[in-house]
Structures are given as structure tokens and as C-alpha cells.
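Please open the structure in the viewer and follow the selections below in order. Each stop names what to select and then what is found there.

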Amino acid sequence: MAALIWVILGIALIAAEVLSGELVLVALGVAALAGAGAEAAFGVTLVSTGVFAVVAIGLVTVARPTLKRRLQAASTKDNAAALVGERATVLSTVDAAGGLVRLRGTEWTARSFDETQVIEPGTSVAVMQIAGATAVVLADGL
């Protein structure tokens, strides 16, 4: 009966993780399932409590930080942010008022990052930012 309580607690904690997203509840849920396994194997509540405590501490202090780093590093940039730093080629003169560049095979309206800079067609530029549907670019060598 105690093993069933551990299983129910473990499943409830893992399910509750959906609401928090911090990986603490899933660690505690897995630890509760380990406690259920210990209870089923040994039938001693003190042993299952000890297994729960050791697994919970291990998962929260060791596994959770590692998993959080991996999950955060795997985040994907949105489309506009992914274009920053890309190379583009000027198609028509680009200045502070506007112009046209080819970026990833597509024509984009563009303006110069440096308001005093006039960039001639054929020049390679770096995308400094995306402002709406306009690429803000800077010519090489600056």
C-alpha cells in the first residue's frame, strides 16, 4: 500500500511540473518513484524514505542544473534575431534613407547603420539588426 502512495505522489509531481517548468517537481517525482521501488523491494518505509531523499537531493543538485543549461542553450532564435550577423550583398545604393540588399537569397529593404555611410551596389555588408521588415546594415571594414 505504501508503494502505491509513492507511485501516486511521483506521478502527481511529474504532472505538476507542466505548470512550473523549473524541473524541481519532476526531480521530486522521479525520486518518489524510486522510493516506491524501494518500498516494493524492501517493504521498509525508512529505507524508501532514505532512497527518496538521496535521489531527490542528487537530482535537484546535480541533474537539474545540467538539464537547465542544456535546455536553455537549445533555445532557438526567432527569424529576425537569426538574421543578425548574417552577410548580405547590396543590390541598390543603401544609405540612411533606404536601399536594397540580398539576404539569404531574398531581397530586403535596408538602411545604413551609420547614417553618414553610403554603400554602393555589390558591396558586402553585415546585418546589424532587423527593424520591422528592414535590415539595418554596415559595410565591411568599419
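## Stop 1: V7 and its surroundings

Select V7, which is partly exposed, with a relative accessible area of 30%. The model in view is predicted. V7 is found in helix 1, so extend the selection to residues 2-20, the span of that helix. Next, add M1, L4, I5, I8, I11 and L33: together with V7, these residues form a nonpolar patch on the surface, with about 690 Å² of accessible area. Helix 1 supplies the largest share of this patch, namely 5 residues.

## Stop 2: the paired strands

Select strand 4 (residues 124-131) together with strand 1 (residues 87-95); the two pair in the antiparallel sense over 3 bridges. Within this pairing, V125 in strand 4 stands opposite A88.

Now add strand 5 (residues 134-139), which runs antiparallel to strand 4 and is joined to it by 6 bridges. Here T134 in strand 5 is the bridge partner of A131. The hairpin of strand 4 and strand 5 has 2 residues between the strands, and G132 takes a positive phi near 70 degrees there.

## Stop 3: the nonpolar core

Which residues have the most contacts inside the largest nonpolar core? Select V101, V125, A135 and V137, which hold that position in a core of 15 residues. Strand 1, strand 2 (98-103), strand 3 (106-112), strand 4 and strand 5 each give two or more residues to this core.

Finish on V137: leaving aside residues up to four places away in sequence, V137 touches V94, A110, R111, S112, F113, I119, V125, A126, V127 and M128.

Note on methods. Residues are numbered from 1 along each chain as its sequence is written. This is a predicted model: local features need pLDDT of at least 70, side-chain atom pairs count only at pLDDT 80 or more; totals for chains, interfaces and linings use all residues. Side-chain values use heavy atoms; hydrogens and water are left out. Two strands pair if DSSP finds at least two bridges between them. Helices (H or I, at least four residues) and strands (E, at least two) are DSSP runs, numbered from the N terminus. Patches are made of residues with over 30% relative accessible area and no salt bridge: like charges are joined within 9 Å, nonpolar side chains (Val, Leu, Ile, Met, Phe, Trp, Tyr) within 5 Å. Accessible areas come from the Shrake-Rupley method with a 1.4 Å probe; for residues, only the protein chains shown count as cover. A salt bridge is a side-chain nitrogen of Lys or Arg within 4 Å of a carboxyl oxygen of Asp or Glu. Buried means under 20% relative accessible area, exposed over 50%, partly exposed in between (1.4 Å probe, protein chains only). A nonpolar core is a set of buried Ala, Val, Leu, Ile, Met, Phe, Trp, Tyr and Cys residues joined through side-chain atoms within 4.5 Å. Contact means heavy atoms within 4.5 Å.
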